[in-house]
Amino acid sequence: MTKRWASALLPLACLAIAGCKLPAFGKPKPPTGQVVATVNGKEITVGDLDQEMGNASFPDAKTRKQAEEAKLQQIIASEELADAARKEHLDKLPGVATEKEILDRNLLAQAWVQKVQQSVPTPTPAEATAYMSEHPDMFAQRKIWSADMLQFPIAAMVNDPSLKAAMVPVHTIQDMQTLLDTRHIQYQRQAGQLDAARLDPRMVDAILKTPNDIIAFQAGDAMTAIQVTGSTVQPFTGDEAVKHAQALLQQQNILKAVNDGLRQVKAKADVQINKDYQPEPAAAGASSAPASNGQS
């Protein structure tokens, strides 16, 4: 046998020798470590599973493990379907591609906001104490106001542009109700209490400056008008008050940081809008200050 033929037969001979080291064929090894599963070669990691689990809490480790196993099966099923869709090029369909772009844009915008939020340091107790001194009506001389409140959809001002001007001479909740009744605008009216410690400082200042007049502001998709009918003083001091001041100050610092960042982003952005889609002037001229800061 010539040397050429001998060389060609060597791989075949090797198959009969137990000690030959050839690449293994068949199913890949099960995932280990940080990889909890694979679907058609794509890894699903512990981080992926934790992200899907969110902030869910469980009474014990056994219950959590059962929940993780169920969630993993959901992820696997979704990945299988997604992979099948990609093979059929369904990800290229106009509706799907647009939705993916919207989700991606919103996710990145949210990530930017979260990064800014996380960059804001927690106020120190000393800073919180100074803030309390600057806002005595929220702490040392904390006001609890009783109030008459009326709320109606902001859409009413969009549908009836003249409503804004008609509200200017209105100075009582009753007169506001009469105005809305004459224009057949639905509303809700009720009595309630306003805790200065839970209000936006701008709202507290507005109430103190015009205690007998209506204060109207936009919150979400509703317009709210309030009129103070009485007040008491209930001091808010001690460690709990300091922690509350820290949380309130942190919220304000975060809001300022996000707004400052947005202004910088907008200043650098090149935006051109079709004249047919130019934004309309704001229909409501009332304050957008929230009635409550949401802190407890």
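These legends describe close-up views of a predicted model.

**Figure 1. Overview of the predicted protein.**
The model is a prediction. Its secondary structure comprises ten helices and six strands. The protein has 296 residues, and 27% of them are buried. Its accessible surface is about 20700 Å², with 56% of that area belonging to carbon and sulfur atoms. Among contacts with a separation of 6 or more, 71% join residues 24 or more positions apart.

**Figure 2. The open sheet has four strands in the order β4-β3-β6-β5.**
Pairing in this sheet is antiparallel. Strands β4 and β5 (215-219) form the edges, each pairing on one side only. Neighbouring strands are turned by 35° against each other on average, direction ignored. Helix α9 (residues 201-209) packs on the sheet and touches β3, β4, β5 and β6. The direction of α9 makes about 160° with that of β5. Helix α8 (residues 173-182) lies across β3, β4 and β6. Helix α8 runs at about 5° to β3.

**Figure 3. Strand β3 pairs with β6 and with β4.**
Strand β3 spans residues 143-153 and is mostly covered. Of its eleven residues, eight are buried. Eleven bridges connect β3 to β6 (residues 222-233) in the antiparallel sense. Within this pairing, Pro 153 has Ala 222 of β6 as its bridge partner. Strand β4 (residues 188-195) is joined to β3 by eight bridges, and these two strands also run antiparallel. Gln 151 stands opposite Gln 188 in β4. Met 149 stands opposite Gln 190 in β4. Such strands pair through backbone hydrogen bonds.

**Figure 4. Strands β1 and β2 form a hairpin.**
Strand β1 covers residues 35-39, and β2 covers residues 42-45. Four bridges join them, and the strands run antiparallel. Thr 38 has Glu 43 in β2 as its bridge partner. Two residues lie between the strands. Asn 40, in the turn, has a positive phi of about 55°.

**Figure 5. Gln 246 sits in helix α10 and is buried.**
Helix α10 spans residues 238-268. Gln 246 has a relative accessibility of 17%, so this residue counts as buried; the cut-off for buried is under 20%. Leaving out residues up to four places away in sequence, Gln 246 touches Thr 122, Pro 123, Thr 124, Pro 125 and Ala 128.

**Figure 6. Asp 260 and Arg 263 form a salt bridge within helix α10.**
Their side chains meet at 2.3 Å, N to O. The two residues are three apart in helix α10, about one turn of the helix. Asp 260 is partly exposed because its relative accessible area is 23%. Arg 263 is exposed, with a relative accessible area of 52%.

**Figure 7. Arg 86 and Glu 79 meet in a salt bridge.**
The N to O distance between these side chains is 2.7 Å. Arg 86 is partly exposed, at a relative accessible area of 36%. Glu 79, by contrast, counts as buried because its relative accessibility is 15%. The wider protein has a count of 14 salt bridges.

**Figure 8. Asp 160 and Arg 183 link distant parts of the chain.**
Their salt bridge brings the closest N and O atoms to 2.8 Å apart. The pair is 23 residues apart. Asp 160 lies in the loop between α6 (155-159) and α7 (162-167). Arg 183 lies in the loop between α8 and β4. Asp 160 counts as partly exposed at 21% relative accessibility. Arg 183 counts as partly exposed at 30%.

**Figure 9. Leu 90, Leu 93 and Val 96 form a nonpolar patch on the surface.**
Together these residues have about 220 Å² of accessible area. Val 96 belongs to helix α4 (residues 94-119). Its relative accessibility is 35%, so Val 96 counts as partly exposed.

Definitions and conventions
Residues are numbered from 1 along each chain as its sequence is written. This is a predicted model: local features need pLDDT of at least 70, side-chain atom pairs count only at pLDDT 80 or more; totals for chains, interfaces and linings use all residues. Side-chain values use heavy atoms; hydrogens and water are left out. Buried means under 20% relative accessible area, exposed over 50%, partly exposed in between (1.4 Å probe, protein chains only). Two strands pair if DSSP finds at least two bridges between them. Patches are made of residues with over 30% relative accessible area and no salt bridge: like charges are joined within 9 Å, nonpolar side chains (Val, Leu, Ile, Met, Phe, Trp, Tyr) within 5 Å. Accessible areas come from the Shrake-Rupley method with a 1.4 Å probe; for residues, only the protein chains shown count as cover. A salt bridge is a side-chain nitrogen of Lys or Arg within 4 Å of a carboxyl oxygen of Asp or Glu. Contact means heavy atoms within 4.5 Å. Axes are lines fitted to C-alpha atoms, for helices over the stretch in contact, and angles run from 0 to 180 degrees between N-to-C directions.
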